[in-house]
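Student: Could we go through this protein together, one question at a time?

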Amino acid sequence: AMPLHRACGQCYVPAEILAAAGLDRDAYVSGRQRPAMRVMVEAMTSLAREHLRAFQAGAARLPESLRPAFLPLAVTPAHLDRIDPDLAWEALTSEPFALHRQWLVFRHARKGW
């Protein structure tokens with residue numbers, strides 16, 4: 001949703017990631033520094049994958065009664081795989097097909113995470 005946030009002048013990217021990419025809030029909102037924006041998107045995607053791996057490592061220890069609440073996370077890898085670092089900050093990333101999303105959730109529900 002970066003393009004929508006930027007159009008509204010909003011920045012939800014952590015300041016540390018912006019700084020590491022050589023950006024500040026104003027540079028992010030303007031989107032004029034293409035190479036830095038690419039670095040920022042790659043960093044955000046890596047951070048998301050890292051957090052997902054941490055969740056998956058501990059998911060089996062979740063109480064069974066809580067596991068259904070986390071089923072929407074089954075679609076996260078498919079979302080992350082569709083992010084193009086050259087475009088994500090200026091164009092919305094396409095969604096995985098609905099049937100694919102449902103299959104991922106169903107598969108995780110059957111396994112119990």
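The turns below move from the overall fold to single residues.

Tutor: This is a predicted model, in which local features need pLDDT of at least 70 and side-chain atom pairs count only at pLDDT 80 or more, whereas totals for chains, interfaces and linings use all residues. Residues are numbered from 1 along each chain as its sequence is written, and side-chain values use heavy atoms, with hydrogens and water left out.

Student: Which pattern does the protein follow along the sequence?

Tutor: Helices (H or I, at least four residues) and strands (E, at least two) are taken as DSSP runs and numbered from the N terminus. On that basis the protein has six helices and zero strands. Read along the sequence, the pattern is α-α-α-α-α-α.

Student: What percentage of the residues of the protein count as buried?

Tutor: The C-alpha trace spans about 45 × 30 × 20 Å along its principal axes. Buried means under 20% relative accessible area, exposed over 50%, and partly exposed in between, with a 1.4 Å probe and protein chains only. Of the 113 residues, the share that counts as buried is 30%.

Student: Which element gives the most residues to the largest nonpolar core?

Tutor: A nonpolar core is a set of buried Ala, Val, Leu, Ile, Met, Phe, Trp, Tyr and Cys residues joined through side-chain atoms within 4.5 Å. The largest one has 14 residues, of which Met2, Val13, Leu23, Tyr28 and Met40 touch the most other members. Two or more residues come from each of α2 (15-21), α3 (25-30) and α4 (34-58). With four residues, the element that gives the most to this core is α4.

Student: How many residues are in the other core, the one that includes Ala59 and Leu104?

Tutor: This other core lies apart from the largest one. Among its members are Ala59, Ala74, Ala78 and Leu104, and its residues number eight.

Student: Why does the length of α4 agree with what is expected of a helix?

Tutor: The expected span of a helix is 1.5 Å times one less than its number of residues. Because α4 has 25 residues, it should span 36 Å, and this agrees with the distance between its end C-alpha atoms, which is 37 Å.

Student: Is threonine 45 buried or exposed?

Tutor: Threonine 45 is found in helix α4, where the buried residues also include Met37, Met40, Leu52 and Phe55. What covers the buried residues of α4 includes α1 (2-7), α2, α3 and α5. Leaving aside neighbours within four places in sequence, threonine 45 is in contact (heavy atoms within 4.5 Å) with Leu80 and Ile83. Because its relative accessibility is 13%, threonine 45 counts as buried.

Student: Which residues does phenylalanine 70 touch, not counting those up to four places away in sequence?

Tutor: Phenylalanine 70 lies in the loop between α4 and α5 (76-81), and at 29% relative accessibility it counts as partly exposed. Its C-alpha is 8.9 Å from that of alanine 59, which is 11 residues apart from it in sequence. Beyond its sequence neighbours up to four places away, phenylalanine 70 touches Phe55, Leu62 and Trp113.

Student: Which residue follows α6?

Tutor: Helix α6 (residues 98-111) has 14 residues and reaches 20 Å from its first C-alpha to its last, close to the 20 Å expected at 1.5 Å a residue. The residue that follows has a positive phi, near 75°, and is glycine 112.
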